[in-house]
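Me: Please take a close look at one helix of this model, the one that takes part in a salt bridge across the chain, and then set it beside the other helix packing and the remaining charged pairs. I would like one connected account rather than a list.

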Amino acid sequence: PIIESADMYKTSHKDMYPDKMTQLQAYGEARTGSNIKNIVAFGKLILVNEMCGIRITQRHIEEAAIFFEQTFGTNDIFARVRPGWQRIVDNGGMLPVVIRALPEGTVVPPGTPLFTVESTDEAVPWIANWLETRLSHLWYTTTVASVAFALHHALATRCLKEGMTDIEA
C-alpha cells in the first residue's frame, strides 16, 4: 500500500514545512563512499510504471488510518496528512507528481541524482518526499547492475591484458 510505504518519520514532515509551501522536489542518488566508481541507473521503468498505475481510493485511506493508529498508538499523526490523501482521492486518485529519471543503463559517478519526484498539487507538496521512499527501492536494481558492470569491466580488462580479444573466449 503506497500510503503506508513511506518511512515512518516522513509522516511528520508535513508539519515541518512552511505553511505557504506549495511545491516540493525530492531526489535519490547513489551515495559516494563505496568502492563502486560507476553507477548504472537501472530498474526505474518497472517502479515508475507501477506507481503510475496506482489510484488512491477511500479504502486505502481507511486502511492507512488503521495502520498508523496501530503503529503510533494515536490517530493524530495520520490525521495531519489525511486531508491531503482525501484531496487525491477526490481528484481521481492519481498521485500528483512528476517523476524524472535517468534513462535505463546510464552510467554516472556516485553522487549523481538518479531520479527526482516533484509535487504538482499545491495542496499536497509533501507527497514528493513521501513517495521518495518508494522510489529509493531503486538502490537494489541499481546496485546489482553497477556491480555487474564493474565485474564485466574488470574481466574485460584482464582478458585484454592476457591477449584475449573476446571475453567469451
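Reply: The side chains of Lys10 and Glu132 meet in a salt bridge, with 2.1 Å from N to O, and since this is a predicted model, that distance is a computed value. The pair links distant parts of the chain, for Lys10 sits in the segment before α1 (13-16) and Glu132 belongs to helix α5, 122 residues apart. Both partners, Lys10 and Glu132, are buried. The structure holds 8 salt bridges, and two others are taken up further below.

The burial of Glu132 fits the helix around it, as α5 is mostly covered, with 9 of its 9 residues buried. Those buried residues are Ile127, Ala128, Asn129, Trp130, Leu131, Glu132, Thr133, Arg134 and Leu135, a list in which Glu132 and Arg134 appear beside residues such as Leu131 and Trp130.

Part of the surroundings of α5 comes from another helix. Two packed helices are described by the angle between their axes and the distance between the axes. For helix α2 (residues 44-52) and helix α5 (residues 127-135), the angle is about 135 degrees and the axes are 11 Å apart. The two helices, α2 and α5, are therefore oblique to each other, and their crossing is right-handed. On the α2 side the contact is made by Leu47, Val48, Glu50 and Met51, and on the α5 side by Leu131, Arg134 and Leu135. Sorted by class, this contact of α2 with α5 has 5 nonpolar residues, no polar ones and 2 charged ones. Glu132, the partner of Lys10 in the salt bridge, is not named among the α5 residues that make this contact, whereas Leu131 is.

A second helix pair offers a useful comparison. The axes of α3 and helix α4 (residues 76-90) come within 10 Å and cross at roughly 170 degrees, and α3 and α4 are therefore roughly antiparallel to each other. From α3, the contact is made by Gln58, Ile61, Glu62, Ala64, Ala65, Phe68 and Phe72, and from α4 by Ile77, Phe78, Arg82, Trp85, Gln86 and Val89. By class, the contact of α3 with α4 has 9 nonpolar, 2 polar and 2 charged residues, where that of α2 with α5 has no polar residues.

Helix α3 also carries a salt bridge of its own, formed by Arg59 with Glu63, whose closest N and O atoms are 2.8 Å apart. Because these residues, Arg59 and Glu63, are 4 residues apart in helix α3 (residues 58-72), they are separated by about one helical turn. An α-helix has 3.6 residues a turn, so residues three or four places apart point the same way. Arg59 is exposed, with a relative accessible area of 61%, while Glu63, at 33% relative accessibility, counts as partly exposed; in the pair that involves α5, by contrast, Lys10 and Glu132 are buried. Thr71 is found in helix α3 as well, and at 38% relative accessibility Thr71 counts as partly exposed. Thr71 and Gly53 are 18 residues apart in sequence, and their C-alpha atoms are 27 Å apart in space.

The remaining charged pair to consider lies between strands. The side chains of Glu118 and Arg100 meet in a salt bridge of 3.2 Å, N to O. Glu118 lies in strand β5 (residues 113-119) and Arg100 in strand β3 (residues 97-101), so the pair ties together parts that are 18 residues apart in sequence. With a relative accessible area of 18%, Glu118 is buried, whereas Arg100, at 46%, counts as partly exposed. Glu118 leads back to the helix under study: leaving aside its neighbours within four places in sequence, Glu118 is in contact with Gln23, Leu24, Gln25, Pro96, Val97, Val98, Arg100 and Ala128, and Ala128 is one of the buried residues of α5.

Helix α2 can be followed outward in a similar way. Pro103 lies in the loop between β3 and β4 (107-108), and Pro103 is exposed, with a relative accessible area of 51%. Not counting residues up to four places away in sequence, Pro103 touches Ala41 and Lys44, and residue 44 is where α2 (residues 44-52) begins. The C-alpha atoms of Pro103 and Leu114, 11 residues apart along the chain, are separated by 9.0 Å.

How values were computed: Residues are numbered from 1 along each chain as its sequence is written. This is a predicted model: local features need pLDDT of at least 70, side-chain atom pairs count only at pLDDT 80 or more; totals for chains, interfaces and linings use all residues. Side-chain values use heavy atoms; hydrogens and water are left out. Axes are lines fitted to C-alpha atoms, for helices over the stretch in contact, and angles run from 0 to 180 degrees between N-to-C directions. Angles under 35 degrees count as roughly parallel, over 145 as roughly antiparallel, 65 to 115 as roughly perpendicular and the rest as oblique. A crossing is left-handed if the near helix is turned anticlockwise from the far one by less than a right angle, and right-handed if clockwise. Contact means heavy atoms within 4.5 Å. Ala, Val, Leu, Ile, Met, Phe, Trp, Tyr, Cys and Pro count as nonpolar, Asp, Glu, Lys and Arg as charged, and the others, Gly among them, as polar. A salt bridge is a side-chain nitrogen of Lys or Arg within 4 Å of a carboxyl oxygen of Asp or Glu. Buried means under 20% relative accessible area, exposed over 50%, partly exposed in between (1.4 Å probe, protein chains only).
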